[in-house]
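Visitor: I am new to this structure. Please choose one part of it, look at that part closely, and then place it in the rest of the chain.

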Amino acid sequence: MTAMFVNLPVTDLERAKSFYTAIGFSINPMFTDHNAACVVVEEDHSYFMILVREFFQTFTDRPIGDPTAAVSVATAIFLDSKEDVDTTVANGLAAGGSEDRPATDLGFMYQRQLTDPDGNVLEFGYMEPMAAEQGPEAYMTQQA
């Protein structure tokens, strides 16, 4: 089985769990305790491990950056429609997230950036199926 786990440091685990469930993800209780929670992005494929900063530090000897001060990664998640993107971002804003940049609409692709309460950057997007399969130029040529 191929799966992806993105580890994110958080300052308040319960707040982070509330945020990630508000934007439509679920928590896998089998891999959740007082130090960490497994956020299911896509069952059997993609997950976030949200780890309290002290526990996250046990995985590295290097200092943990502060995502509120300097972005080092942005995780992009593509959804089934522009409406799904807008709904997800609206739910995230209501749950304490922020949107520091305006939406980007390139015609073939639509993206919005949502920052979680700890400063971790998530990008939610939608891509027209033809552009995903044949590339953006093919999509734009068909639209002309």
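Guide: Helices and strands are DSSP runs numbered from the N terminus, a helix (H or I) having at least four residues and a strand (E) at least two. On that basis the chain reads β-α-β-β-β-α-β-α-β-β-β-α-α along its sequence, which comes to 5 helices and 8 strands. The model is a predicted one, where local features need pLDDT of at least 70 and side-chain atom pairs count only at pLDDT 80 or more, while totals for chains, interfaces and linings use all residues. Residues are numbered from 1 along each chain as its sequence is written, and side-chain values use heavy atoms, with hydrogens and water left out.

The part to look at is strand β4, residues 46-52. It is mostly covered, since 7 of its 7 residues are buried, a word that here means under 20% relative accessible area, with over 50% called exposed and the range in between partly exposed (1.4 Å probe, protein chains only). For the chain as a whole, 38% of the 144 residues count as buried. The cover on β4 is found on both faces: S46, F48, I50 and V52 are buried on one side, and Y47, M49 and L51 are buried on the other.

Two other strands pair with β4, where pairing requires that DSSP finds at least two bridges between the strands. Strands of a sheet pair through backbone hydrogen bonds, either parallel or antiparallel. With β1, strand β4 runs parallel and is joined by 7 bridges; one of the matched pairs is F5 with Y47. With β3, strand β4 runs antiparallel and is joined by 6 bridges; here C38 stands opposite M49. β3 and β4 form a hairpin with 3 residues between the strands, and in this hairpin D44 takes a positive phi near 65°.

F48, on one covered face of β4, has a long list of contacts (heavy atoms within 4.5 Å). Leaving aside its neighbours within four places in sequence, F48 touches V6, L8, Y20, F25, A37, C38, V39, V41, T75, I77 and L122. F48 also belongs to the largest nonpolar core, a core being a set of buried Ala, Val, Leu, Ile, Met, Phe, Trp, Tyr and Cys residues joined through side-chain atoms within 4.5 Å. This core has 22 residues, and those touching the most other members are Y20, I23, F25, F48, I50, L122 and F124. At least two residues each come from β1, α1, β3, β4, α3, β7 and β8, and α1 gives the most, with 4 residues. A second, separate core of 8 residues includes Y47, M49, L51 and F56. Y47, M49 and L51 are the residues of the other face of β4.

The helix that gives the most to the largest core is α1, residues 13-22. Its buried residues are L13, A16, K17, F19 and Y20. Seen down the helix axis, these fall within an arc of 165°, so they line one face of α1 (the arc is taken over the directions from the axis to the C-beta atoms). K17 counts as buried because its relative accessible area is 17%. Beyond residues up to four places away in sequence, K17 touches I27, T32, A37 and I50, and I50 is one of the residues of β4. Just after α1, G24 takes a positive phi of about 105°.

Elsewhere in the chain, 4 strands form an open sheet in the order β5-β8-β7-β6, with mixed pairing. β5 (74-78) and β6 (104-105) stand at its edges with a single partner strand each, so one side of each has no neighbour in the sheet. β7 and β8 (121-127) run antiparallel and are joined by 7 bridges, and L114 stands opposite L122 of β8. L122 is among the residues that F48 of β4 touches. Q111 lies in β7, which covers residues 109-115. Q111 is buried because its relative accessible area is 18%. Not counting neighbours within four places in sequence, Q111 is in contact with F78, A103, T104, E123, F124 and G125.

Across the chain, 51% of contacts between residues at least 6 apart in sequence join residues at least 24 apart. The C-alpha trace spans about 55 × 35 × 30 Å along its principal axes.
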